[in-house]
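Me: I'd love a close look at one part of this protein, with the neighbouring pieces tied in. Could you walk me through it at the level of residues?

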Amino acid sequence: LDGSPSSLWFDWFARTGTAADGTTLSEPSMHFGGDAFPNRVLASGMTYQHVRMDWIGNGVGGYTTVGYAPAQCTEANIAGVQYDANTMRCFRQYDGDAGWWWYHKYIATEVVEHDSTGGSPDERWTYDYSTAGFNSNVLWHFDSDETRPDAQRSWSDFAGYSTVTTT
C-alpha cells in the first residue's frame, strides 16, 4: 500500500463438524474482501491505510457488498477546528512519538445482497446519517481512557449520529 504497518485481516472461515458416525461434515466457506482507505488525514505521505470490509461471499453463490461515504476531512478543512465542537468525520488523536494527528472516520452508506445463483433481485439498504433534532451536532466526546495520561487524551471517542435512517 503506502508503507503503512500491516493489520490483521479476517479473510475466510469454514464450519466443520463430525457426524454421529464419525464422518466429517463441512459447510461452504465464507470469504471477505476489502478496500484500503487512508486513516490519517494527509495530502501526501504515509496515511496508514487500513482495509475496510466491502465484500462478503456467503459460500453458496450469494455475496454482500458494502459502500462507504468518502473521506470528509482534508488538511485544509480541519485547520482551526475546535476539538470539542468537531462536527466532521475525523478526529485528533495522540500517536506516540509521531505526536498528534487527525484520523478519518468512515461510515457505511449502502449494503447490497446479491443472489448470483437463484435470480432473485438485489436487496439494497441505504443509510443516511443526521444530527438534526438533537441538541448538538458534535460527533465526538472526550476520550475516557483513564490508562492514558491527560496530556495524551482528546475529543477522539465517536459519539455517533442522533439519527440513522435506513431505506
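In what order do the 7 strands of the open sheet come, and is the pairing parallel or antiparallel? Please start there and work outwards to the side chains.

Reply: Happy to! A quick word on the ground rules: this is a predicted model, in which local features need pLDDT of at least 70 and side-chain atom pairs count only at pLDDT 80 or more, while totals for chains, interfaces and linings use all residues. Residues are numbered from 1 along each chain as its sequence is written, and side-chain values use heavy atoms, with hydrogens and water left out.

Now the sheet. Its order is E1-E4-E5-E6-E9-E10-E13, and the pairing is antiparallel. Strands (E, at least two residues) and helices (H or I, at least four) are DSSP runs numbered from the N terminus, and two strands pair if DSSP finds at least two bridges between them. Strand E1 (12-13) and strand E13 (163-166) are the edges; each has a single partner strand, so one side of each is left without a neighbour in the sheet.

Let's step across part of that order. E6 and strand E9 (residues 108-115) are joined by 7 bridges in the antiparallel sense, and Tyr 63 has His 114 in E9 as its bridge partner. From E9 the sheet carries on to E10, again antiparallel, over 4 bridges; here Glu 113 stands opposite Glu 123 in E10. Strand E10 (residues 123-130) then runs antiparallel to E13, with 4 bridges between them. In that pairing, Tyr 129 has Val 164 of E13 as its bridge partner.

E6 deserves a second look. Gly 67 belongs to this strand, and its C-alpha is 8.6 Å from that of Ile 107, although the two are 40 residues apart in sequence. Setting aside neighbours within four places in sequence, Gly 67 is in contact (heavy atoms within 4.5 Å) with Ile 107, Ala 108, Thr 109 and Glu 110.

Aromatic rings come next. The structure holds 14 aromatic pairs. Rings of Phe, Tyr and Trp (its six-membered ring) pair if their centres lie within 6.5 Å; planes under 30 degrees apart count as stacked, over 60 as edge-to-face and the rest as tilted. Phe 37 and Tyr 68 make an edge-to-face pair, with 5.5 Å centre to centre and 90° between the planes. This pair links distant parts of the chain, Phe 37 in strand E4 (residues 30-37) and Tyr 68 in strand E6, 31 residues apart. Phe 37 counts as buried at 15% relative accessibility, whereas Tyr 68 is partly exposed at 24%. Here buried means under 20% relative accessible area, exposed over 50% and partly exposed in between, with a 1.4 Å probe and protein chains only. Trp 55 and Tyr 63, by contrast, are stacked, at 6.2 Å centre to centre and 25° between the planes. Trp 55 is partly exposed at 34%, and Tyr 63 is partly exposed at 29%.

Tyr 129 appears again in one aromatic cluster, together with Phe 91, Tyr 103, Trp 140, Phe 158 and Tyr 161. Phe 158 also has the charged end of Lys 105 over its ring, 4.4 Å from the centre. Likewise, the charged end of Arg 40 sits over the ring of Trp 101, 3.8 Å from its centre. For such a charge, NZ of Lys or CZ of Arg must be within 6 Å of the ring centre and within 35 degrees of the ring normal.

Finally, the disulfide, defined as a pair of cysteine sulfur atoms within 2.5 Å. A search of the whole structure finds 1, joining Cys 73 to Cys 90 with 2.2 Å from S to S. Cys 73 lies in the loop between strand E6 (62-68) and helix H1 (75-78), and Cys 90 in strand E7 (residues 90-94), 17 residues apart. The torsion about the S-S bond is about -85°, so the disulfide is left-handed. Cys 73 is buried at 5%, and Cys 90 is buried at 0%.

Both cysteines belong to the largest nonpolar core, alongside Val 41, Ile 78, Met 88 and Trp 102. Such a core is a set of buried Ala, Val, Leu, Ile, Met, Phe, Trp, Tyr and Cys residues joined through side-chain atoms within 4.5 Å. A second, separate core of 5 residues includes Tyr 48, Tyr 103, Leu 139 and Trp 140. Met 88, in the loop between H1 and E7, is buried at 15%. Beyond its neighbours within four places in sequence, Met 88 is in contact with residues including Cys 73, Ile 78, Leu 139 and Trp 140.
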